[in-house]
Amino acid sequence: MANIKSSAKRDEKSKELRAKNRADKTELKTMMKKFDAAVAEGDKDAAVSAYKVAVKTVDHAAGKGLIHKNNAAHKKSSMTAKLNELEK
């Protein structure tokens with residue numbers, strides 16, 4: 001345990017931020033899985049709505065620094081390609 005008050009506060013703050021980041025990353029993964037499931041079922045309407053939510057979540061994660069912007073672009077590109085394949 002920290003002996004200095006500011007160090008103890010910083011430790012508590014880092015634990016809070018870690019919990020929030022983990023929750024946000026979990027949400028990102030969940031939205032990606034929901035999109036993949038909709039594509040696997042072949043349900044175009046569900047896939048389109050899941051795509052919109054997933055892209056928004058990816059953009060949010062990139063904006064907050066949870067993932068790199070190039071990683072976000074790669075994920076969005078991959079989802080777009082899957083969605084376009086479904087429409088054919």
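The protein chain in this predicted model contains three helices and zero strands. Read from start to end of the sequence, its pattern is α-α-α. The chain has a radius of gyration of 18 Å, whereas a compact globule of 88 residues would have one near 12 Å.

**Overall dimensions and burial**

- Taken along the principal axes, the box filled by the C-alpha atoms of the protein chain is roughly 65 × 25 × 15 Å.
- Of the 88 residues in the protein chain, 23% are buried.
- Considering contacts between residues at least 6 apart in sequence, 56% join residues at least 24 apart.

**Packing of helix 1 and helix 3**

- Helix 1 covers residues 5-41 and helix 3 covers residues 69-87.
- The axes of helix 1 and helix 3 are 10 Å apart, and the two helices pack at an angle of about 20 degrees.
- Helix 1 is therefore roughly parallel to helix 3, since angles under 35 degrees count as roughly parallel.
- The crossing in which helix 1 passes helix 3 is left-handed.
- On the helix 1 side, the contact is made by Met32, Phe35, Asp36 and Val39.
- On the helix 3 side, Lys75, Met79, Lys82, Leu83 and Leu86 make the contact.
- Sorted by class, the contact of helix 1 with helix 3 has six nonpolar residues, three charged residues and no polar ones.

**Methionine 32**

- Methionine 32 is placed in helix 1, and Met32 is one of the residues through which helix 1 contacts helix 3.
- Methionine 32 counts as buried because its relative accessibility is 17%, and buried means under 20%.
- Leaving out residues up to four places away in sequence, methionine 32 touches Val58, Lys75 and Met79.
- Two of these partners, Lys75 and Met79, are among the helix 3 residues in the contact with helix 1.
- From methionine 32 to aspartate 45 the C-alpha to C-alpha distance is 16 Å, with the two residues 13 apart in sequence.

**Threonine 57**

- Threonine 57 is located in helix 2, which covers residues 44-64.
- Threonine 57 has a relative accessibility of 11% and so counts as buried.
- Apart from neighbours within four places in sequence, threonine 57 is in contact with Glu27, Leu28 and Met31.
- These three partners fall within residues 5-41, the range of helix 1.

Key. Residues numbered from 1 in each chain as written. Predicted model: local features only at pLDDT ≥ 70, side-chain atom pairs only at ≥ 80, totals over all residues. Heavy atoms only, no water. Axes fitted to C-alpha atoms, helices over the stretch in contact; angles between N-to-C directions. Helix = DSSP H or I, 4+ residues; strand = E, 2+ residues; numbered from the N terminus. Parallel < 35°, antiparallel > 145°, perpendicular 65-115°, else oblique. Left-handed = near helix turned anticlockwise from the far one by under 90°. Contact = heavy atoms within 4.5 Å. Nonpolar A, V, L, I, M, F, W, Y, C, P; charged D, E, K, R; others polar. Rg over C-alpha atoms; globule rule 2.2 N^0.38 Å. Buried < 20%, exposed > 50% of the residue type's maximum accessible area, 1.4 Å probe, protein only.
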